[in-house]
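Please examine the sequence and the structure shown below before reading on. The paragraphs that follow serve as a guide to them.

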Amino acid sequence: MQNYLLLMVGAALVNNVVLVRFLGLCSFMGVTTKVDTATGMGMATTFVLTVSSVLTWALETFLLVPNDLTYLRTVTFILVIAAVVQFTEMVVKKISPALFQTLGIYLPLITTNCSVLGIPLLNVAQHHNFMQSMLYGFASALGFSLILVVFAGLRERLALAEVPRLFAGPPIAFITASLLALAFMGFSGISAN
Amino acid sequence: MAEPRDPAGRSLVEGRARVIAIEAGQVLMEPIVSSGCKGCVSAGLCGAMAGSHSLAARRFRIPDGDGLRVGDRVVVGLGQTALLKASWLAYAIPLLLMLAASVAADRLWGRDGISALCAVGGLGVGMAWSRWRAGAMSRRGELTPRYLGPAPEDDVCNDHGNGC
């Protein structure tokens with residue numbers, strides 16, 4: 001159990017998917033203008049990323065490796081992720097049309113989020129078993145959501161601040177993101193490696 | 001500008017919509033795509049801009065739209081707490097049950113196949129529970145956007161300044 005906890009802390013904080021691995025930067029800049037939208041996007045991404053990690057593990061273990069088809073890994077993983085997003089959209093719509101109206105807009109954006117492909121590929125590269133794959137995907141997504149919400153909060157405050165015209169808008173957001181990345185690199189100090 | 005709030009004083013998330021039809025005292029609306037999508041170079045390939053089919057699927061009805069006509073552009077609001085509750089219901093509950101089921105199976109049997117099956121079972125139970133809770137919320141009207149007023153004439157829809 002301690003191994004799982006270390007894996008999750010490492011995935012969420014030490015090797016944060018956005019600020020250390022630099023994956024999912026388009027969503028990071030695109031949906032962090034408000035905390036509410038960032039939270040909705042974070043939860044949707046967490047769901048899709050965790051389910052994708054589970055499915056891609058099953059695909060890798062039971063189909064690609066036994067049949068020596070690992071050269072098709074990237075293509076099949078992309079297909080699985082797109083299918084998971086479509087499936088989630090259909091299920092949310094079936095469960096509650098009202099929920100679909102409220103949250104449906106975030107789902108198609110996840111398909112183009114490179115972290116959703118990156119994490120399953122990292123799972124394969126690190127030879128994770130089922131539990132490790134699922135928890136690694138879940139923790140990475142939690143780290144992604146945490147950064148989304150923290151950065152959205154910072155941007156909401158920045159919108160009220162007096163910023164020099166040259167730096168207003170995306171430039172000050174990028175500077176803030178770089179400072180946040182520096183702060184997160186401090187977590188690498190607690191790694192055993 | 002003051003933050004929009006509902007009659008109970010709770011904050012609202014604003015959005016833009018267009019009136020599509022008025023039927024039996026209820027106003028049918030279609031959301032106007034209000035993200036930065038229109039300014040994106042990949043807009044033609046992106047699922048978020050999938051066009052009329054996608055927008056038609058997101059149509060919603062509001063009961064209180066006196067004086068509105070077909071084609072009007074309006075501002076609608078949804079409670080921030082409703083958005084968070086909806087996110088929990090749709091994603092967090094099924095996911096947490098899936099994790100709990102698979103961790104429990106791993107502790108009990110320690111085999112990947114059984115853990116995977118239990119994960120699927122947990123996900124199914126979570127989705128059933130979400131459906132039940134979402135139905136209750138819908139019946140109370142918590143997930144229905146409310147009409148806030150007409151959209152300003154000079155309204156622009158996204159960060160790039162593209163009009164709606």
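The text below takes up each chain in turn, then the interface between them, and finally several individual residues.

The coordinates belong to a predicted model, and every value given here was computed from it. Chain A is a convenient place to begin. Its secondary structure consists of nine helices and zero strands, so that, by the definition of these elements, a reading from the N terminus gives α-α-α-α-α-α-α-α-α. Chain A has 193 residues, and 50% of them count as buried. With respect to how the chain folds back on itself, 76% of the contacts between residues at least 6 apart in sequence join residues at least 24 apart. The exposed area of chain A is about 9000 Å², and carbon and sulfur atoms supply 69% of that area.

Chain B has another make-up, in which three helices are accompanied by five strands. Starting at the N terminus of chain B, the order of elements is β-β-α-β-β-α-α-β. Of its 164 residues, 41% are counted as buried. Among the contacts in chain B with a separation of 6 or more, 74% are accounted for by residues 24 or more positions apart. Chain B exposes about 9000 Å², to which carbon and sulfur atoms contribute 57%.

How many residues of each chain take part in the contact between chain B and chain A? On the side of chain B there are 39 residues, and these are in contact with 41 residues of chain A. The size of an interface is often given as the accessible area lost when the parts come together. For chain B and chain A the buried area is about 3500 Å², with carbon and sulfur atoms giving 76% of it. The elements of chain B that give two or more residues to the side touching chain A are α2 (80–108) and α3 (112–139). Of the elements of chain B, α2(B) gives the most to this side, with 19 residues. Sorted by class, the side of chain B that touches chain A comprises 25 nonpolar, seven polar and seven charged residues.

What does the rule find in the way of salt bridges across this interface? The count between chain B and chain A is zero. For polar contacts across the interface of chain B and chain A, the rule finds one residue pair, with both residues at pLDDT 80 or more.

Over all chains, the count of salt bridges comes to one. The salt bridge formed by E60(A) and R73(A) has its closest N and O atoms 2.9 Å apart. This pair links distant parts of the chain: E60(A) belongs to helix α3 (residues 35–64) of chain A and R73(A) to helix α4 (residues 73–95) of chain A, with their positions 13 residues apart in sequence. Are the two partners buried or exposed? E60(A) counts as buried because its relative accessibility is 9%, under the 20% limit. R73(A), at 22% relative accessibility, counts as partly exposed.

Helix α3 of chain A also holds T46(A). T46(A) counts as buried because its relative accessibility is 6%. With its neighbours within four places in sequence left aside, T46(A) is in contact with F138(A), A141(A), L142(A) and S145(A), and with L95(B) from the other chain.

Two loop residues of chain A deserve attention for their backbone angles. F22(A) has a phi near 55°, a positive value in a residue other than glycine. F22(A) is located in the loop between α1 (2–14) and α2 (25–30) of chain A, and with a relative accessible area of 47% it is partly exposed. H127(A) likewise has a positive phi, near 55°, and is a residue other than glycine. The loop that contains H127(A) runs between α7 (114–125) and α8 (130–160) of chain A. H127(A) is exposed, because its relative accessible area is 70%, over the 50% limit.

The last residue to consider is in chain B. F60(B) is part of strand β3 (residues 60–62) of chain B, and at 7% relative accessibility F60(B) counts as buried. Which distances separate F60(B) from L28(B)? In sequence they are 32 residues apart, while in space their C-alpha atoms are 5.8 Å apart.

Definitions and conventions:
Residues are numbered from 1 along each chain as its sequence is written. Chains are lettered from A and ligands numbered from 1 in the order in which they are written. This is a predicted model: local features need pLDDT of at least 70, side-chain atom pairs count only at pLDDT 80 or more; totals for chains, interfaces and linings use all residues. Side-chain values use heavy atoms; hydrogens and water are left out. Helices (H or I, at least four residues) and strands (E, at least two) are DSSP runs, numbered from the N terminus. Buried means under 20% relative accessible area, exposed over 50%, partly exposed in between (1.4 Å probe, protein chains only). Contact means heavy atoms within 4.5 Å. Accessible areas come from the Shrake-Rupley method with a 1.4 Å probe; for residues, only the protein chains shown count as cover. Buried area is the accessible area (1.4 Å probe) that two parts lose on being put together, summed over both. A salt bridge is a side-chain nitrogen of Lys or Arg within 4 Å of a carboxyl oxygen of Asp or Glu. A polar contact is a pair of N or O atoms within 3.5 Å; within protein, one must be able to donate a hydrogen and the other to accept it, and residues adjacent in sequence count only if both atoms are side-chain atoms. Ala, Val, Leu, Ile, Met, Phe, Trp, Tyr, Cys and Pro count as nonpolar, Asp, Glu, Lys and Arg as charged, and the others, Gly among them, as polar.
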